[in-house]
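Please look at the sequence and the 3D structure below. This report deals with cysteine pairs and charged side-chain pairs.

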Amino acid sequence: MNFFKDIINLILPPRCAVCGRILNADKGLCDDCIAKLDFINDTVCYRCGQPFGTLSDGKGHHICASCLQQSRHVFRFSRSVFVYDEFSKKLVLDFKFHDRTDLATLLAKMLYVAGKDIFSAGVDVIVPVPLHYTRLLKRRYNQSALLAKELGRLTGIKVCYNVVIKNKRTKPQVECSGVERLNNIKGAFKIREPELIKDKRILLIDDVLTTGATLTECARVIRKARPRSVDNLTLARVL
C-alpha cells in the first residue's frame, strides 16, 4: 500500500490546502500556512473558551465576565481550534462547501488537541450538529459528521450520528443577525433515541462558533434526554 501511495504522490503530489504549495508529506497544510492560523491558546475562559479571560472563579481558573455572572451554564466546556479570520476562512469554507473532505483527518487532530480539557474531563458520546436533509442532499456531506467520525477513530469514543436530527429547514445562519439567529434556529432540532445519551457525557461537534445559537439549541434539545454533561468543540470561533 505504501508503494502505491508513493507512486500516486509522485504523479499527483500533495499540496497545501490553503496556498497550493507542493508538500513533502501529505499533512494538509504547509508550515507557513500553519503558522498563519491564529490558534486559540490556553489563555481562554475556563467555561466558554472565549480568549483573553482575566477573572478568576476562585479555583485558579480564568473566567470571562459573562460566565462569572451566570449561575447555570448550557455547556460544561466550550473549546475551538483557531480564530475565524480571513486566513482560516478559506480553509473552513473549502472543507465545508468545496469537497475538501480529505482535510477531515487533519482537522480532527487539531480538534483533539484543542479539546484536551474536555477529553480529560471525560466524553462518552460524540454527536455532530446535523443538517436538514434537503441541505444534506444538496451538499452531499455533513462536515460536522466527517469531523466527528475522524475524532471517534482518533479517540475510540462512540459517535452517534442520528441521536439529534434537524427537522426544520432554516435559513443559513450566516444570513441572520444575532437576534435573528436565535429565532431562526429555535425548534429546529429533535431528539431521537434518548436512551443512547441519558446519563452520558456528550460532546457536540461543529465547524464554526459565531453567536453559539445553533450549538445552544442543540444542547437544549439534548438536555431533555438528561445527559450527565454537554460540551462543544468547534474548528473556528468568531471573535
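The text below takes up disulfides, then salt bridges.

This is a predicted model, in which local features need pLDDT of at least 70, side-chain atom pairs count only at pLDDT 80 or more, and totals for chains, interfaces and linings use all residues. Residues are numbered from 1 along each chain as its sequence is written, and side-chain values use heavy atoms, with hydrogens and water left out.

**Cysteines**

A disulfide is a covalent bond between the sulfur atoms of two cysteines. Here the term is applied to a pair of cysteine sulfur atoms within 2.5 Å. By that rule the structure holds 0 disulfides. For C33, the closest cysteine sulfur is in C30, and it is too far for a bond because the distance is 3.5 Å. C67 is in no disulfide either, and the nearest cysteine sulfur, that of C64, is 3.6 Å away.

Accessibility is described with three words: buried (under 20% relative accessible area), exposed (over 50%) and partly exposed (in between), using a 1.4 Å probe and protein chains only. C33 is buried, at 4%, and C67 is buried, at 7%.

**Salt bridges**

Side chains of opposite charge can pair when their charged atoms come close. A salt bridge is counted when a side-chain nitrogen of Lys or Arg is within 4 Å of a carboxyl oxygen of Asp or Glu. The whole structure contains 10 salt bridges. The table lists some of them, including the N to O distance.

| Acidic residue | Basic residue | N to O distance |
|---|---|---|
| D32 | R21 | 2.9 Å |
| E150 | R153 | 3.3 Å |
| E217 | R220 | 2.7 Å |

Helices in this report (H or I, at least four residues) are DSSP runs, numbered from the N terminus.

What does the pair of D32 and R21 tie together? D32 lies in helix α2 (residues 31-36), while R21 lies in the loop between α1 (2-11) and α2, so the salt bridge ties together parts that are 11 residues apart in sequence. D32 is partly exposed, with a relative accessible area of 40%, and R21 is partly exposed at 43%.

E150 and R153 are both in helix α8 (residues 143-155); they are separated by about one helical turn because they are 3 residues apart. In this pair E150 is buried, at 16% relative accessibility, whereas R153 is exposed, at 58%.

R220 and E217 lie in helix α10 (residues 213-222), 3 residues apart and so separated by about one helical turn. R220 is partly exposed at 39% relative accessibility, but E217 is buried at 8%.

Conventions
Helix = DSSP H or I, 4+ residues; strand = E, 2+ residues; numbered from the N terminus.
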